[in-house]
Structures are given as structure tokens and as C-alpha cells.
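This report goes through selected local features of one model, with the sequence and the structure to hand. Please follow each residue in the display as it comes up.

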Amino acid sequence: MTGLTLRAVEQRDVERVGDLNFVAFYRVALAHGLQPGIASPAESRGYIRHLLTIDPLGGTLAEDEGEVVGLAWVHPRGPVATIGPIAVDPRVQGRGIGRRLLERAVELAGRGVPQVRLVHESFNGQALGLYLHAGFRVVAPLLDLELPAGTAVAPAPAPRTVVVRPAVADDRARLVARDARVFGAPRPQNVDLYLGRGRALVAESPTALVGYALGIGFRGTGYLGSASADDPALLLALVVALAAELASHGVTVRTLVPATDRRLVEGLTAAGFRVFRACHYMVRGGGTAPPANYVLMNGDMM
Ligand SMILES: CC(C)(COP(=O)(O)OP(=O)(O)OC[C@H]1O[C@@H](n2cnc3c(N)ncnc32)[C@H](O)[C@@H]1OP(=O)(O)O)[C@@H](O)C(=O)NCCC(=O)NCCS
């Protein structure tokens with residue numbers, strides 16, 4: 001490890017960064033006897049391409065003598081920034097590269113940003129040590145739940161006064177505002193991705209937006225969230241309805257929910273979801289647990 005340098009990730013780096021990201025996460029999952037969250041190098045490269053589109057300035061790579069040995073990505077959204085993925089080549093882990101990448105990601109989040117968040121897999125002691133040393137604290141347990149493709153899902157009833165329908169272009173401003181309330185900052189570029197390429201449901205009573213759910217299919221997996229509602233029964237109805245829709249298209253559905261929301265967890269397991277993995281929601285700065293009646297957005301946008 002002679003001359004480690006950090007620089008921004010560019011289009012030309014997609015393959016090398018994608019492959020490194022795949023190998024690092026694959027290795028750690030396998031070492032714990034678990035299924036990896038990213039199934040193939042191709043999926044990992046696709047994800048890096050997506051990150052370059054949505055946060056072109058957020059990627060940092062670590063290079064040693066021309067070889068890519070690490071990566072980190074930050075997603076600045078005004079007063080909130082989220083971090084992920086962060087990965088180091090298994091051959092050079094434990095030498096301080098992860099720590100330098102995390103420091104750079106926090107720097108890129110912006111000086112004085114009140115909250116930097118990340119989600120990490122609870123089994124991963126190495127990552128937890130890294131984050132605790134960098135001033136992150138665990139503020140909530142999360143469950144990453146999975147619904148097998150093709151599961152026939154029984155609908156959960158929505159309150160009778162509410163109308164649930166697919167979102168249309170005119171709903172965009174209200175959706176962005178509603179999502180900002182629960183996330184803590186507007187993230188129109190993320191909401192647009194779901195509106196353009198995914199599925200979105202809105203709930204109105206009678207004309208006020210009282211809930212929504214977003215979902216998207218990506219290489220055989222459907223990611224469900226964010227979603228939020230004024231009422232826990234409505235949240236469950238929205239999430240189950242969208243899960244049923246995604247599952248009927250032959251994808252396995254994943255969703256990230258606060259483990260402490262007993263009603264939501266029970267409702268989703270009754271609908272056929274099972275635990276894929278347990279995660280920690282970690283915050284640096286003045287952050288608290290996610291708000292009530294909220295399902296987090298996947299893809300490092302927690
Ligand atoms: C997590 C990861 C990025 C860390 O990168 P790294 O280069 O190995 O980490 P570093 O060498 O910079 O170690 C940073 C800190 O982690 C902590 N750490 C490392 N190994 C640890 C262990 N086995 N137990 C507890 N803490 C540990 C230490 O606090 C260390 O700081 P130190 O200087 O006080 O020893 C790397 O292990 C990785 O790529 N893992 C697979 C992908 C992954 O899990 N990413 C994070 C998902 S949220």
C-alpha cells in the first residue's frame with residue numbers, strides 16, 4: 001500500500017468499481033452464511049451506473065498504484081445526507097482505507113449538514129466498528145423484509161373514507177412534499193425515478209394526500225418504499241397493495257421497515273414477507289429514529 005489516492009468516480013470506472021462492490025459485499029455475506037444483497041457483478045455495475053446518474057458527484061474511489069481498492073458514495077439532500085455503498089477490496093481490508101473513504105464521504109456531505117445517515121447490516125461487526133469510531137450512533141433497528149416472487153397476497157383493507165389510486169404526473173409536487181416530511185428533506189430526483197420507471201400509489205381523503213407508496217423493479221428484485229400514511233392501517237394497505245402488484249410481475253419484493261413498528265411487521269409477515277436480514281439505522285449528528293408510519297426508501301436513500 002504505497003500511494004493510496006482518493007478521487008471522484010467517473011463513467012470510465014463503472015466496471016472496476018461495480019466489480020469491487022460486488023466482491024466486497026458478496027464475501028462478507030458468504031462469510032456469515034447469508035445470501036448477498038447484490039446477486040451478480042452485472043447487477044452491481046448497473047447499480048453504480050444508476051448512482052452516477054442520480055448523484056454524479058457523490059462517488060469516491062480509492063486507488064493504489066492504478067488499482068481500484070475501495071469506494072464510497074454520498075447522497076446530499078440539503079439538511080440530510082445518506083451514505084452507501086462503502087466497500088473495500090477484501091485483500092486490503094483492515095488497513096484504514098474504509099476509514100479514509102468514510103471521512104471523505106462525510107466531507108462531501110457538506111460542512112455543517114445537520115444529519116448524515118446510513119443503514120448497515122447488523123451482522124457486520126467490522127462495518128459497525130468503522131461507523132461507531134466515526135461518530136455514528138445506532139438510533140433504530142430495521143428489518144429488510146422479502147416477499148418471494150409470485151406470492152399471492154391477500155389485500156389489507158384501507159380505511160373506507162380513503163381512495164387509493166395509481167399516482168399521475170399532477171401528484172408529483174404533493175408526493176415530493178409528503179416524502180420530504182418523513183425523510184427530512186426534499187429528494188425530487190429520487191421520487192421522479194419511481195414516478196417515471198416504477199410504480200406509485202397515492203391515497204386521498206377526500207382530496208388531501210393522506211398516504212403514498214413507491215416501488216420499482218430492478219433486475220428481478222422489486223424495491224418497495226418509501227411509503228408513508230397518516231394512519232397505520234392505511235400504510236399497511238398501501239404497502240401490501242403495491243407489494244402484490246410487484247410480486248405479480250414475477251419479482252422478489254424487498255422492503256426496509258422500522259423493526260419497532262409491530263403492526264407493520266406483523267401485517268407484512270402475515271402477507272407473506274419474511275426476514276431477509278436485520279439492519280441498523282445509524283445517524284451522525286442530531287438524528288433520531290425514523291418517524292411513525294414510514295417505510296424507508298431502498299438503495300442507500302434511507
Ligand atoms: C466495512 C469496510 C468498508 C471497512 O473497510 P476497511 O478498510 O477494512 O476498514 P478500516 O481498515 O478503515 O477500519 C476502520 C475501522 O473499522 C473498525 N474495524 C475494523 N475491523 C473491525 C472488527 N473486526 N471489529 C470491530 N471493528 C473493526 C475499526 O474501528 C477500524 O478502526 P481502527 O483504525 O481503530 O482499527 C470493509 O470491511 C468492507 O468492504 N466490507 C464489506 C462491505 C461492507 O460491509 N460495507 C459496509 C456495509 S454498510
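## Backbone features near the end of the chain

Asp300 lies in the segment after E13, and this residue has a positive phi of about 60 degrees although it is not a glycine. Since the model is a predicted one, this angle, like every other value in the report, is computed from predicted coordinates.

Asn293 also has a positive phi, about 55 degrees, without being a glycine. Asn293 is found in the loop between strand E12 (274-285) and strand E13 (294-295), and because its relative accessibility is 16%, Asn293 counts as buried.

## Two cis peptide bonds

The peptide bond that joins Ser205 and Pro206 is cis, with omega at about -25 degrees. Pro206 has its place in the loop between strand E8 (199-204) and strand E9 (209-218).

A cis peptide bond also joins Gly225 and Ser226, and here omega is about 10 degrees. Whereas Pro206 is in a loop, Ser226 lies within a strand, namely E10 (residues 221-229).

## Strand E2 and its partners

Strand E2, which spans residues 59-64, is mostly covered, with 6 of its 6 residues buried. In a regular strand the side chains alternate between the two faces of the sheet. In E2 both faces are covered: Gly59, Leu61 and Glu63 are buried on one side, and Thr60, Ala62 and Asp64 are buried on the other.

E2 pairs with strand E1 (residues 4-8) in the antiparallel sense over 5 bridges, and in this pairing Leu4 stands opposite Asp64 of E2. E2 is also joined to strand E3 (residues 67-77) by 6 bridges, and these two strands likewise run antiparallel; here Thr60 stands opposite Ala72 in E3. The hairpin of E2 and E3 has 2 residues between the strands, and in this hairpin Glu65 takes a positive phi near 50 degrees.

## Surroundings of the ligand

The ligand has 23 residues around it, and of these Val88, Gly94, Gly96, Gly98 and Asn124 come nearest. Three contacts with backbone atoms can be followed in the display. A nitrogen atom of the ligand lies 2.8 Å from a backbone N or O atom of Ile86, an oxygen atom of the ligand is 2.7 Å from a polar backbone atom of Gly96, and an oxygen atom of the ligand is 2.8 Å from a polar backbone atom of Gly98. On its own the ligand has 950 Å² of accessible area, of which the protein covers 74%.

Which elements give two or more residues to the shell around the ligand? They are helix H1 (14-31), strand E4 (80-88), helix H3 (97-109), strand E5 (115-121) and helix H4 (125-133), and H4 gives the most, with 7 residues. By residue type, the shell divides into 11 nonpolar, 10 polar and 2 charged residues.

## Salt bridges

The count of salt bridges in the model comes to 23. In one of them the side chains of Asp89 and Arg91 meet, with an N to O distance of 2.7 Å. The two partners differ in their cover: Asp89 is buried, because its relative accessible area is 8%, while Arg91 is exposed, because its relative accessible area is 60%.

Asp171 forms a salt bridge with Arg165, in which the closest N and O atoms are 2.8 Å apart, and the side chain of Asp171 also meets that of Arg174 in a salt bridge at 3.2 Å, N to O. How far are these residues covered, and what places them as buried or partly exposed? Asp171 is buried, because its relative accessible area is 3%; Arg165 counts as partly exposed, because its relative accessibility is 23%; and Arg174 is partly exposed too, because its relative accessible area is 30%. Elsewhere, Arg7, Asp13, Arg16 and Glu63 are joined into one network by salt bridges that share partners. Of these residues, Glu63 has been met above as a buried residue on one side of E2.

Key
Residues numbered from 1 in each chain as written. Predicted model: local features only at pLDDT ≥ 70, side-chain atom pairs only at ≥ 80, totals over all residues. Heavy atoms only, no water. Near = heavy atom within 4 Å. Polar contact = N/O pair within 3.5 Å; in protein donor to acceptor, adjacent residues only side chain to side chain. Areas by Shrake-Rupley, 256 points an atom, 1.4 Å probe, with all protein chains shown as cover. Helix = DSSP H or I, 4+ residues; strand = E, 2+ residues; numbered from the N terminus. Nonpolar A, V, L, I, M, F, W, Y, C, P; charged D, E, K, R; others polar. Buried < 20%, exposed > 50% of the residue type's maximum accessible area, 1.4 Å probe, protein only. Pairing = 2+ DSSP bridges. Salt bridge = Lys/Arg side-chain N within 4 Å of Asp/Glu carboxyl O.
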